[in-house]
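Please open the model in a viewer and keep the sequence panel at hand. The tour below proceeds by selection, with a short account of what is found at each stop.

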Amino acid sequence: MTEKATQGRLEISDLSITYRKPRSDEVFTAVEGVSLTIEKGSFVTIVGSSGCGKSTLLLAMAGLIPKASGAIALDGQEVTKPGPDRAMVFQDASLLPWRTVHGNVRFALELQRWKRDDIDERAMRYVRMVGLGAFADYHPHQLSGGMRQRVNIARALCVDPDVLLMDEPFGALDAQTREVMCDELLRIWERDKKTAIFVTHAIDEAIFLGDRVVVMGRNPGHIRDVIEIDLPRPRTNAMLDSPAFVDYRRRLREYIAADLAALQMVEAIV
Amino acid sequence: MMAAILRRPAPLCALISFAVILAVWQAAVDFGFVKAFFISSPSRVAFELVRQVKNGELAANLSVTLYEFIIGLAFAVLIGGLLGLLASWSETVQHILDPFIWFKYSSPTIAFYPMFVAWLGLGEATIIVMAFLFAVTPIYANTLSGIKNTDPDLIRAAISFGARRHDLFFKVSLPASAPILIAGLRLAVGRALTGVVAAELFGAAAGLGYSMSYYGQKLRTTEMMASLIVIIILGVIFTQALAALEARVGAWRTGPGR
């Protein structure tokens, strides 16, 4: 691709995010002191038990929630609001139910003011790329959960972002569909290797997809470790049982288990 | 045999029950069980309708009623829709309007009639205001709840792709609430017709309601019923048309899941 594909380096430094609880002055710290550099073209997954601030961190990268302190820079530019250099894949329910598959992909192009004359064709190209060519005229309620997530991915990719942000996109899918979707996502990602950041609570998914796995802990949300995944690409399902994979899985499980044990202790004291 | 008829599809059953009522009505009068003076009869009403079509009486009354209905409904849609939009964007506006909507909801609208007679006199202006008052509440309430309760997931997704305010309104909130807006319109149409006819009954120089009260006072049941039939037909046509529109606009809501 052109020069654009060489961009997409995210630099997060000492980032904190706080929420004010509704109808009170109490402030809740969701993420504290997070520093992380994500190289262009790399695939980074973020895991952690629920409530560790992983989704909050992703939303901040998207520019959808404000920072309390610290900085997020994309290719040296401070992130303050959503922009065409980033695109987000949400969980299931974010497709417009009155639009068709094609219409939903087109929606993103319309919002970013793409030229009218090739907008339909471009949307169709991405619908085909995720394997939904035959379903272009279907409405979301006529599709399976996996198919809906394909539409979500097509919608995010068609605007040609530098960074792809994914918030537990396969969280609502059954185990088999999840595996298929992971394979599919990697197949699509390998084509032009955009920077990808993928939040999940599934450990296997995180190892299988990522070049690096960021492990987050809670109270408040922080980074506990960053694990380099030294498995060759393209990744295959056979790797799931390789000694290296099993070892990564064991290490990550220990982190999550420790986090949950700490939580239970806190609850016992309280 | 009865059981066989009851197993038929619903429209057929409805048609049969309707025909039976008409036949019993006609027979009761023809065989002298009830005097036509009290309840008229289907054949008399039919002949009366033909007479009124021929001499232009029906057209005159129908056009007046339709005119008042359309103007009243149009004001209700414009003002109710606009206030609903403003209230959906600003909680302050909503709170300012709240007490009035409350009064409006909890009191019978017809109670406002004498006040408007005092202000605007008997006739067209008051009738239009009554149609407006009857119709405005569902338009306001449905616009407010439709726009305000747009799925926040959809809004957030649109914002993440750089949607601006007018994109959010025209491409997300408005289509998302279209079925609720149409449902409000359907309620408003029925209520506007109620308002027009009720106001015409009390004081008008023309119109279907006027015709009913005029002939009613003269105890001319047949003429009165002819106007009543026309009003019923109007109501059925409007509600059915809007129900069809509602089904079309909300087609994406049917089916499994979202």
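In this tour, two residues are said to touch, or to be in contact, when heavy atoms of theirs lie within 4.5 Å. The model on display is a predicted one.

**First stop: chain A as a whole**

Select chain A and colour it by secondary structure. Seven helices and 10 strands will appear. The radius of gyration of chain A is 19 Å, close to the 18 Å that the globule rule gives for 270 residues, so chain A is as compact as a globular protein of that length. Turned to its principal axes, the chain has C-alpha atoms that fill a box of roughly 60 × 45 × 40 Å.

Next, display the surface of chain A. Its accessible area comes to about 12200 Å², and carbon and sulfur atoms contribute 51% of it. Of the 270 residues in the chain, 53% are buried. Among the contacts in chain A with a separation of 6 or more, 69% link residues 24 or more positions apart.

Colouring by charge shows 35 positive and 38 negative side chains in chain A. The centres of these two sets lie 4 Å apart.

**Second stop: the two domains of chain A**

Select residues 3-85 together with 163-269 of chain A, which form domain 1, and give residues 92-160, which form domain 2, another colour. Taken over C-alpha atoms, the centres of the two domains are separated by 25 Å. Where the domains meet, 15 residues of domain 1 of chain A are in contact with 12 residues of domain 2 of chain A.

**Third stop: B:Ile128**

Move to chain B and select helix H8, residues 124-148, in which B:Ile128 is found. Is B:Ile128 buried or exposed? Its relative accessible area is 13%, and B:Ile128 counts as buried because this value is under 20%.

Now show the surroundings of B:Ile128. Not counting residues up to four places away in sequence, B:Ile128 touches B:Tyr67, B:Glu68, B:Ile71 and B:Gly72. A distance drawn between the C-alpha atoms of B:Ile128 and B:Ile70 reads 8.7 Å, although 58 residues separate the two along the chain.

**Fourth stop: B:Ser211**

Remain in chain B and select helix H11, residues 208-217, where B:Ser211 has its place. B:Ser211 is buried, with a relative accessible area of 2%. Which residues does B:Ser211 contact, leaving aside its neighbours within four places in sequence? They are B:Asn61 and B:Ser227. Finally, select B:Glu223, 12 residues from B:Ser211 along the chain; the C-alpha atoms of the two are separated by 8.2 Å.

Key: Residues numbered from 1 in each chain as written. Chains lettered and ligands numbered in written order. Predicted model: local features only at pLDDT ≥ 70, side-chain atom pairs only at ≥ 80, totals over all residues. Heavy atoms only, no water. Helix = DSSP H or I, 4+ residues; strand = E, 2+ residues; numbered from the N terminus. Buried < 20%, exposed > 50% of the residue type's maximum accessible area, 1.4 Å probe, protein only. Rg over C-alpha atoms; globule rule 2.2 N^0.38 Å. Areas by Shrake-Rupley, 256 points an atom, 1.4 Å probe, with all protein chains shown as cover. Lys, Arg positive; Asp, Glu negative; His and termini not counted. Charge placed at Lys NZ, Arg CZ, Asp CG, Glu CD. Domains from an automatic or database assignment.
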